[in-house]
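Here's a quick tour of a model, written for someone who likes to know the cut-offs behind each statement. Have the viewer open while you read.

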Amino acid sequence: MEKTIKRIGVLTSGGDAPGMNAAIRAVVRTAVSLGIDCVGIRRGWQGLINCDFVQLNNEGVAHILNRGGTMLYTARSEEFMTEAGRKRALSSCKMLGIDGIVAIGGDGTFRGALELSQLGIPVVGVPATIDNDIGCSDYTIGFDTACNTAIECIDKLRDTMQAHERCSVVEVMGRNAGNIALYVGIAVGATSVLLPEYELDFRKDVIERIQNARLAGSTHFMIVVAEGAGHAFDIGERIEREIGMKPRVTVLGYLQRGGIPNARDRETATRMGYRAVMALAENRANCVIARQKGDVVEVPIEDALTMKRGLNLERYAVLEAMQGVAAIS
Ligand code: F6P
């Protein structure tokens with residue numbers, strides 16, 4: 001028999017991403033439009049364990065569409081990884097009368113969602129992480145804004161590198177996935193891009209690329225490194241040791257996680273938030289809302305967690321071709 005959803009909870013978990021607020025707003029407004037009550041659970045799964053919640057309505061999510069961060073705060077919960085923690089979370093759901101949860105975050109968030117769904121609470125995941133590394137989805141909320149932030153910073157660095165005829169080593173986020181580095185590397189015309197997905201051959205990937213660029217007439221060089229591929233300061237030191245050029249090193253770090261979400265992230269977040277509530281309301285829970293070939297679709301959580309999405313090889317080929325021609329655009 002189909003269950004009528006009367007009250008849902010929404011939470012954000014894991015690393016924040018620009019557009020999380022837009023997703024929260026969409027969840028609340030869709031729920032309200034369907035006559036479903038909505039509570040915001042603060043500080044992710046840990047907040048659920050602690051019954052840390054706030055009642056939400058249309059006014060409560062006004063003016064957040066264009067804000068970075070997350071009004072519900074975010075956290076990573078060790079306790080929720082334990083059976084005892086999840087049981088406490090289940091008790092909270094019962095106490096608060098929550099019939100379903102929308103969990104906004106990345107892989108870790110969805111693993112938590114799966115565990116909770118197995119205890120009988122319907123859950124829908126919404127992918128939001130600047131890493132764009134959710135296997136089932138072509139896109140995750142926050143990625144585009146993060147790339148644009150990195151590009152803006154690197155464009156500025158390029159101005160001063162050009163003026164002084166220097167080499168820049170810039171570290172971008174991406175501990176396990178090189179998507180930001182790949183996109184940004186293409187967009188800034190990097191001399192070399194180092195990705196966690198590929199084993200580093202320092203001579204070939206860094207030194208020879210700098211030398212080739214120099215032979216092609218470049219007087220400044222931009223090395224983009226994903227944090228999972230190596231530390232920018234180590235790479236800078238090694239360049240100096242091997243060819244005597246002293247690179248200037250910049251770690252963009254958490255700058256990339258903040259900022260005003262751009263059009264793509266707001267639109268995607270709003271569509272995904274809407275779809276998540278529709279899935280719960282129509283009893284199609286325990287899924288992840290994914291973007292596939294431009295459409296917003298529902299993928300069972302178990303499948304979503306097993307799907308892997310490697311680096312986009314077509315983009316990698318484009319990057320290689322650009323690097324083969326010249327140093328920096
Ligand atoms: O949000 C994803 C991410 O930015 C990764 O690229 C990075 O490795 C990680 O989060 C760092 O986040 P924290 O320091 O909050 O654990």
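What follows covers the ground rules, the domains, the cores, one helix, one serine and the aromatic pairs.

## Ground rules

This is a predicted model, so local features need pLDDT of at least 70 and side-chain atom pairs count only at pLDDT 80 or more, while totals for chains, interfaces and linings use all residues. Residues are numbered from 1 along each chain as its sequence is written, and side-chain values use heavy atoms, with hydrogens and water left out.

## Two domains

The domain assignment splits the protein chain into domain 1 (7-142 + 261-306) and domain 2 (144-258); such bounds come from an automatic or database domain assignment. Taken over C-alpha atoms, the centres of domain 1 and domain 2 are 34 Å apart. Their contact involves 14 residues from domain 1 and 12 residues from domain 2, where contact means heavy atoms within 4.5 Å.

## Nonpolar cores

A nonpolar core here is a set of buried Ala, Val, Leu, Ile, Met, Phe, Trp, Tyr and Cys residues joined through side-chain atoms within 4.5 Å. Buried means under 20% relative accessible area, exposed means over 50%, and partly exposed is in between (1.4 Å probe, protein chains only).

The largest core has 59 residues, and I8, V10, V102, I104 and V224 are the ones touching the most other members. This core takes at least three residues from each of domain 1 and domain 2. There's also a second, separate core of 29 residues, with C51, A113, C136 and V288 among them. Back in the largest core, the neighbours of I8 include V27, A31, V39, V102 and L280, leaving aside residues up to four places away in sequence.

## Helix α5

Helices (H or I, at least four residues) and strands (E, at least two) are DSSP runs, numbered from the N terminus. Helix α5 covers residues 143-164, 22 residues in total, and spans 32 Å from first C-alpha to last, close to the 32 Å expected. That expected span is 1.5 Å times one less than the number of residues.

Which elements do the buried residues of α5 pack against? They pack against β6, α6, β8, β9 and α9. The buried residues of α5 include F143, A146, I154, L157 and R158. Just after α5 comes E165, with a positive phi near 55°.

## A buried serine

S13 sits in the loop between β1 (7-12) and α1 (20-33). With a relative accessible area of 5%, S13 is buried. Its side chain makes a polar contact with the side chain of T109 at 3.3 Å. For a polar contact, two N or O atoms lie within 3.5 Å; within protein, one must be able to donate a hydrogen and the other to accept it, and residues adjacent in sequence count only if both atoms are side-chain atoms.

## Aromatic pairs

The structure holds four aromatic pairs. Rings of Phe, Tyr and Trp (its six-membered ring) pair if their centres lie within 6.5 Å; planes under 30 degrees apart are stacked, over 60 edge-to-face, and the rest tilted. W45 and F80 are stacked, at 4.6 Å centre to centre and 5° between the planes. W45 is in helix α2 and F80 in the loop between β3 and α3, 35 residues apart, and both are buried.

Y198 and Y316 are stacked too, at 4.5 Å and 20°, and lie 118 residues apart in the chain. Y198 is partly exposed at 34% relative accessible area, whereas Y316 counts as buried at 19%. Ring pairs also link Y139, F143 and Y183 into a cluster.
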